[in-house]
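Biologist: Before we begin, could you show me the chain we are going to discuss? I would like to ask how each description is reached.

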Amino acid sequence: PDGSTIVNVVSEDADGELHMTYTFEWRHPGASKEELAAFLEKEKKMSRMAVEGAITVLRELAKNGKI
């Protein structure tokens with residue numbers, strides 16, 4: 001609703017190795033510096049969990065030959 005976006009790109013290099021790139025664009029229009037600092041800490045934790053979870057799933061899919 002606030003226009004924030006998360007992009008998850010899986011690519012393969014010349015050796016067949018998979019790479020994942022995440023881009024997080026958080027938007028907090030009108031937030032104060034203090035509010036932004038609190039959002040940053042919360043979003044760091046959320047993004048870390050999202051990336052780690054995606055890595056686990058992608059590794060399992062690759063292991064099973066699904067990607």
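Biologist: Why is Glu 41 called partly exposed?

Modeller: This is a predicted model, and in it Glu 41 has a relative accessible area of 44%. Buried means under 20% and exposed means over 50%, with partly exposed in between, so Glu 41, at 44%, is partly exposed.

Biologist: What makes the pair Glu 41 and Lys 44 a salt bridge?

Modeller: The closest N and O atoms of Glu 41 and Lys 44 are 3.9 Å apart, and a salt bridge asks for a side-chain nitrogen of Lys or Arg within 4 Å of a carboxyl oxygen of Asp or Glu, so the pair qualifies. The two residues are three apart in helix 1, which means that about one helical turn separates them. Lys 44, at 39% relative accessibility, counts as partly exposed.

Biologist: How many salt bridges does a search of the whole structure find?

Modeller: The search finds two. Besides the bridge between Glu 41 and Lys 44, there is one in which the side chains of Glu 25 and Arg 27 meet, at 2.6 Å from N to O. With a limit of 4 Å for such a pair, the value of 2.6 Å also passes, and therefore Glu 25 and Arg 27 are called a salt bridge. Glu 25 has a relative accessibility of 34%, which counts as partly exposed, and Arg 27, at 41%, counts as partly exposed too.

Biologist: How do you know that the protein is more spread out than a compact globule?

Modeller: Let me start with the elements, which are one helix and two strands, running β-β-α from the N terminus on. The radius of gyration of this protein is 16 Å, whereas the globule rule gives 11 Å for 67 residues, and because 16 Å is well over that value, the protein is more spread out than a compact globule. Taken along the principal axes, the C-alpha atoms fill a box of roughly 45 × 20 × 20 Å. Of the 67 residues, 4% count as buried.

Biologist: Which residues of helix 1 are buried, and what covers them?

Modeller: The buried residues of helix 1 are Glu 43, Ser 47 and Ala 54. Their cover includes strand 1, residues 5-12, and strand 2, residues 18-25.

Biologist: What makes the span of helix 1 agree with its number of residues?

Modeller: Helix 1 has 31 residues, and at 1.5 Å a residue it should span 45 Å; its end C-alpha atoms are 44 Å apart, so the two values agree. A related separation is that of Glu 34 and Asn 64, which are 30 residues apart in sequence and 46 Å apart in space, C-alpha to C-alpha. Asn 64 is found in the segment after helix 1, and at 44% relative accessibility it counts as partly exposed. Just after helix 1 there is also Gly 65, which takes a positive phi of about 75 degrees.

Biologist: Why is Met 49 called exposed rather than buried?

Modeller: Met 49, which is found in helix 1, has a relative accessible area of 62%. Exposed means over 50%, and therefore Met 49, at 62%, is exposed. The C-alpha atoms of Met 49 and Phe 24, 25 residues apart along the chain, are separated by 13 Å.

Biologist: Which residues is Thr 23 in contact with, leaving aside its neighbours within four places in sequence?

Modeller: Thr 23, whose place is in strand 2, is in contact with Thr 5, Ile 6 and Val 7. Its C-alpha atom is also separated by 6.7 Å from that of Asn 8, although their positions lie 15 residues apart along the chain as a sequence separation. With a relative accessible area of 44%, Thr 23 is partly exposed.

Biologist: Which residues make the nonpolar surface patch?

Modeller: The patch, of about 240 Å², is made by Val 10, Leu 18 and Ile 67, and the place of Ile 67 is in the segment after helix 1. Over the whole protein about 5,500 Å² is exposed, and carbon and sulfur atoms supply 56% of it.

Technical notes: Residues are numbered from 1 along each chain as its sequence is written. This is a predicted model: local features need pLDDT of at least 70, side-chain atom pairs count only at pLDDT 80 or more; totals for chains, interfaces and linings use all residues. Side-chain values use heavy atoms; hydrogens and water are left out. Patches are made of residues with over 30% relative accessible area and no salt bridge: like charges are joined within 9 Å, nonpolar side chains (Val, Leu, Ile, Met, Phe, Trp, Tyr) within 5 Å. Accessible areas come from the Shrake-Rupley method with a 1.4 Å probe; for residues, only the protein chains shown count as cover. Helices (H or I, at least four residues) and strands (E, at least two) are DSSP runs, numbered from the N terminus. The radius of gyration is taken over C-alpha atoms; the globule rule is 2.2 Å times the number of residues to the power 0.38. Buried means under 20% relative accessible area, exposed over 50%, partly exposed in between (1.4 Å probe, protein chains only). The expected span of a helix is 1.5 Å times one less than its number of residues. Contact means heavy atoms within 4.5 Å.
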